[in-house]
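Work through the exercises below with the sequence and the 3D view side by side. Try each task before you read its solution.

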Amino acid sequence: MQAAVDEAEQHRREYGDQVSRLSAELEAATGAATATKAQVETALQGLHESDARMNADRPSSSPSWARRPGPRPARRSG
């Protein structure tokens with residue numbers, strides 16, 4: 001009987017150690033994922049800002065009246 005109790009206690013310690021190790025690995029992976037997410041968000045923000053600057057610097061292919069606020073000029077028939 002004591003042998004079975006000792007074996008069960010040994011398994012409990014092994015599983016406890018395994019749970020602790022896996023918990024530490026999960027925590028490390030979660031931290032790495034959080035850092036990667038922050039890097040991706042920063043890179044995307046930079047990309048959006050760069051696109052906005054490029055679009056502001058590029059002349060528009062639309063007619064000048066389309067870039068100005070206000071009513072659109074009437075079309076001439078003819």
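The exercises that follow deal with salt bridges and a surface patch.

This is a predicted model, in which local features need pLDDT of at least 70 and side-chain atom pairs count only at pLDDT 80 or more, while totals for chains, interfaces and linings use all residues. Residues are numbered from 1 along each chain as its sequence is written, and side-chain values use heavy atoms, with hydrogens and water left out.

**Exercise 1. Find how many salt bridges the whole structure holds.**

Step 1. Recall the principle: side chains of opposite charge can pair when their charged atoms come close.
Step 2. Apply the cut-off: a side-chain nitrogen of Lys or Arg must be within 4 Å of a carboxyl oxygen of Asp or Glu.
Step 3. Search the whole structure; the result is 3 salt bridges.

**Exercise 2. Describe the pair R12 and E9: distance, place and exposure.**

Step 1. Take the distance from N to O: 2.6 Å, a salt bridge.
Step 2. Locate the pair. Both residues lie in helix α1, 3 residues apart, about one turn of the helix. Helices are DSSP runs (H or I, at least four residues), numbered from the N terminus.
Step 3. Check the exposure. Buried means under 20% relative accessible area, exposed over 50%, and partly exposed in between (1.4 Å probe, protein chains only). R12 counts as exposed because its relative accessibility is 52%. E9 has 31%, so E9 is partly exposed.

**Exercise 3. Do the same for R21 and E25.**

Step 1. The side chains meet in a salt bridge at 3.0 Å, N to O.
Step 2. R21 and E25 sit 4 residues apart in helix α1, about one turn.
Step 3. R21 has a relative accessible area of 42%, so R21 is partly exposed. E25 is partly exposed too, at 44%.

**Exercise 4. Which residue forms a salt bridge with K37?**

Step 1. The partner is E41, with the closest N and O atoms 4.0 Å apart.
Step 2. K37 and E41 are separated by about one helical turn, because they are 4 residues apart in helix α1.
Step 3. K37 is exposed at 52%. E41 is partly exposed at 46%.

**Exercise 5. Describe the nonpolar surface patch that includes L44.**

Step 1. Use the rule: patch residues have over 30% relative accessible area and no salt bridge; like charges are joined within 9 Å, nonpolar side chains (Val, Leu, Ile, Met, Phe, Trp, Tyr) within 5 Å.
Step 2. Name the members: V40, L44 and L47.
Step 3. Give their accessible area together: about 250 Å², by the Shrake-Rupley method with a 1.4 Å probe, where for residues only the protein chains shown count as cover.
Step 4. Place L44: helix α1, residues 2–57. L44 is partly exposed, at 41%.

How values were computed:
Helix = DSSP H or I, 4+ residues; strand = E, 2+ residues; numbered from the N terminus.
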